[in-house]
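This report walks through one protein model, from its surface to single residues. Please look over the sequence and the structure before reading on.

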Amino acid sequence: MRNKAYVTIFIMALMVLAVSGYVYLKFQEPSVMDIANYHTEDKVTVDELISMFIKDKRLANSAYVEKTIEVKGIIKEINYLNKRQTILLSSQQFAESFVICDMLPTKNKKMESLAIGDSIVVKGICKGFLSDVVMLNCISIDTTSE
């Protein structure tokens, strides 16, 4: 009788461990967002976005943070690190501030042909402002070379 209790406890412990492992691994998977289908809250330029955060951070936070927005700007820099592409959009009014766009990995041919100085519209989720505006899960809406 005693062995039967130990076997039952052992089997239950294995089941709990298996379920816990599955849940842990499931939540560790990176989420892929289909940002193209998200509703755009606002469309702004780089200068308008940075200006709003500099003038009234509280108002800008409530208007943009954790919201999906489209930002139009000129590419200052393109970085590839850890299989992620990050694009810096420059401001004409604020030389020290940028919009940092962490792009979703895509097989979009337009993304491969981007160059410094190109005009681009990105759609992504605004995360906030310190000295730069940070946007995550961005996609290119439209690209045209200037």
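## Surface and burial

The accessible surface of the protein amounts to about 9,900 Å². Carbon and sulfur atoms account for 59% of that surface. The model is predicted. Of the 146 residues in the protein, 34% are buried.

## Fold and overall dimensions

The protein contains 4 helices and 6 strands. Along the sequence these elements come in the pattern α-β-α-α-β-β-β-α-β-β. The protein is more spread out than a compact globule, because its radius of gyration is 22 Å, well over the 15 Å that the globule rule gives for 146 residues.

Taken along the principal axes, the box filled by the C-alpha atoms is roughly 80 × 40 × 25 Å. As for contacts between residues at least 6 apart in sequence, 63% of them join residues at least 24 apart.

## Charges and salt bridges

There are 17 positive and 17 negative side chains in the protein. The centres of these two sets are 11 Å apart. The number of salt bridges is 2.

One salt bridge joins the side chains of E66 and K127, with an N to O distance of 2.6 Å. E66 sits in the loop between α3 (57-64) and β2 (68-81), while K127 belongs to strand β5 (residues 119-129), so this pair ties together parts that are 61 residues apart in sequence. E66 has 52% relative accessibility and counts as exposed. K127 counts as partly exposed, at 36% relative accessibility.

The side chains of D102 and R84 also meet in a salt bridge, at 2.6 Å from N to O. Here both partners are in strands: D102 is in β4 (residues 98-103) and R84 is in β3 (residues 84-90), so the parts tied together are 18 residues apart in sequence. D102 counts as buried because its relative accessibility is 17%, under the cut-off of 20%. R84, at 27% relative accessibility, counts as partly exposed.

## G124 in strand β5

G124 is placed in strand β5, the strand that also holds K127. The relative accessible area of G124 is 0%, so this residue is buried.

Which residues does G124 touch, not counting those up to four places away in sequence? They are I35, K67, T68, I69, M135, L136, N137 and C138. The contact with I35 spans 89 residues along the chain, and the C-alpha atoms of G124 and I35 are separated by 6.8 Å. Among the other contacts of G124 are T68 and I69, which fall within the range of strand β2 (68-81).

## I87 in strand β3

I87 lies in strand β3, as does R84 of the salt bridge with D102. I87 is buried, with a relative accessible area of 0%.

Setting aside neighbours within four places in sequence, I87 is in contact with I75, E77, I78, V99, I100, C101, M103, M111, L114 and I120. Several of these partners can be placed in strands. I75, E77 and I78 fall within the range of β2 (68-81). V99, I100, C101 and M103 fall within the range of β4 (residues 98-103). I120 falls within the range of β5 (residues 119-129). Another partner, L114, is 27 residues from I87 in sequence, and the two are 9.7 Å apart in space, C-alpha to C-alpha.

How values were computed. Residues numbered from 1 in each chain as written. Predicted model: local features only at pLDDT ≥ 70, side-chain atom pairs only at ≥ 80, totals over all residues. Heavy atoms only, no water. Helix = DSSP H or I, 4+ residues; strand = E, 2+ residues; numbered from the N terminus. Rg over C-alpha atoms; globule rule 2.2 N^0.38 Å. Buried < 20%, exposed > 50% of the residue type's maximum accessible area, 1.4 Å probe, protein only. Contact = heavy atoms within 4.5 Å. Areas by Shrake-Rupley, 256 points an atom, 1.4 Å probe, with all protein chains shown as cover. Lys, Arg positive; Asp, Glu negative; His and termini not counted. Charge placed at Lys NZ, Arg CZ, Asp CG, Glu CD. Salt bridge = Lys/Arg side-chain N within 4 Å of Asp/Glu carboxyl O.
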